[in-house]
Amino acid sequence: MPNRFYETGYRFEQRVKKHYESRGWFCVRSAGSHSPCDIVALKHHPPATDVVLIQCKVGKPTRKDVLELYGLANRLNVVAVIVSRDAKGKLVKKDVEELV
């Protein structure tokens with residue numbers, strides 16, 4: 001039987017992925033990788049492609065989570081966000097640079 005916390009996180013990641021896909025992004029979920037990002041989202045605007053690294057957090061992100069995601073985004077020269085939810089369940093997106 002899957003872990004309850006894993007299932008909660010998985011469902012939240014799927015919700016975030018669907019949210020971005022409904023806005024025209026192509027998303028890839030990095031399942032079980034324990035990498036700094038849960039989803040990589042891409043949107044093509046010729047001649048360029050936007051890339052966003054997304055960390056999904058049901059709870060509050062740790063300082064380590066923020067710094068790892070920030071470091072990866074800096075190395076790749078892309079945008080990184082942490083998506084969580086407010087008390088009413090609404091998605092809340094924060095740019096990782098604001099959290100460093």
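Two strands pair if DSSP finds at least two bridges between them. The legends below apply this rule to a predicted model.

**Figure 1. Strands β1 and β2 pair in an antiparallel manner.** The two strands are joined by 4 bridges. Within this pairing, Cys27 has Ala41 of β2 as its bridge partner, and Val28 is matched in the same way with Val40 of β2. In a regular strand the side chains alternate between the two faces of the sheet. In β1, Cys27 and Arg29 lie on a covered face, whereas Phe26 and Val28 lie on an uncovered one.

**Figure 2. The sheet is open and consists of 5 strands.** The strands follow the order β1-β2-β3-β4-β5, and their pairing is mixed. Strands β1 and β5 (residues 91-95) form the edges, each pairing on one side only. From one strand to the next, the twist averages 25°.

**Figure 3. The largest nonpolar core brings together 12 residues.** Its members are Phe12, Val16, Tyr20, Trp25, Cys27, Ile39, Ala41, Val52, Ile54, Cys56, Val81 and Val83. Helix α1 and the strands β2 (39-45), β3 (48-56) and β4 (79-85) each supply at least two residues of this core. A second core, separate from this one, has 9 residues, including Cys37, Leu53, Leu72 and Ile82. In soluble globular proteins, nonpolar side chains tend to be buried together.

**Figure 4. Ala41 is shown with the residues in contact with it.** When residues up to four places away in sequence are not counted, Ala41 touches Tyr20, Trp25, Phe26, Cys27, Asp50, Val51, Val52 and Ile54. Among these, Cys27 is also the residue whose bridge partner in β2 is Ala41. Tyr20, Trp25, Cys27, Val52 and Ile54 belong, like Ala41 itself, to the largest nonpolar core.

**Figure 5. The structure holds 2 aromatic pairs.** The rings of Tyr6 and Tyr10 have centres 6.3 Å apart and planes at 15°; the pair is therefore stacked, as planes under 30 degrees apart count as stacked. Both residues belong to helix α1 (residues 4-21), and because they are 4 residues apart there, about one helical turn separates them. Tyr6 is partly exposed at 47% relative accessibility, and Tyr10 is likewise partly exposed, with a relative accessible area of 34%. The other pair, Tyr20 and Trp25, is edge-to-face, with 6.0 Å from centre to centre and 75° between the planes. Tyr20 and Trp25 are both buried, and both are members of the largest nonpolar core.

**Figure 6. A salt bridge connects Glu13 with Arg29.** The closest N and O atoms of the two side chains are 2.6 Å apart. This pair links distant parts of the chain, since Glu13 lies in helix α1 and Arg29 in strand β1 (residues 26-29), 16 residues apart. Glu13 has 12% relative accessibility and so counts as buried. Arg29 is also buried, with a relative accessible area of 18%, and its place in β1 is on the covered face, together with Cys27.

**Figure 7. Salt bridges also occur within helices α1 and α2.** The structure has 5 salt bridges in total. In one of them, the side chains of Glu7 and Arg11 meet at 3.6 Å, N to O. Both residues lie in helix α1, 4 residues apart, about one turn of the helix. Glu7 is partly exposed, at 32% relative accessibility. A further salt bridge joins Lys64 to Glu68, with 3.9 Å between the closest N and O atoms. Because Lys64 and Glu68 are 4 residues apart in helix α2 (residues 63-76), about one helical turn separates them. Lys64 is exposed at 57% relative accessibility, whereas Glu68 is partly exposed, its relative accessible area being 36%.

**Figure 8. Gly59 is located in the loop between β3 and α2.** With 46% relative accessibility, Gly59 counts as partly exposed. Gly59 and Val81 are 22 residues apart in sequence, and their C-alpha atoms are 15 Å apart in space. Val81 is one of the residues of the largest nonpolar core.

Conventions: Residues are numbered from 1 along each chain as its sequence is written. This is a predicted model: local features need pLDDT of at least 70, side-chain atom pairs count only at pLDDT 80 or more; totals for chains, interfaces and linings use all residues. Side-chain values use heavy atoms; hydrogens and water are left out. Rings of Phe, Tyr and Trp (its six-membered ring) pair if their centres lie within 6.5 Å; planes under 30 degrees apart count as stacked, over 60 as edge-to-face and the rest as tilted. Buried means under 20% relative accessible area, exposed over 50%, partly exposed in between (1.4 Å probe, protein chains only). A salt bridge is a side-chain nitrogen of Lys or Arg within 4 Å of a carboxyl oxygen of Asp or Glu. A nonpolar core is a set of buried Ala, Val, Leu, Ile, Met, Phe, Trp, Tyr and Cys residues joined through side-chain atoms within 4.5 Å. Contact means heavy atoms within 4.5 Å. Axes are lines fitted to C-alpha atoms, for helices over the stretch in contact, and angles run from 0 to 180 degrees between N-to-C directions.
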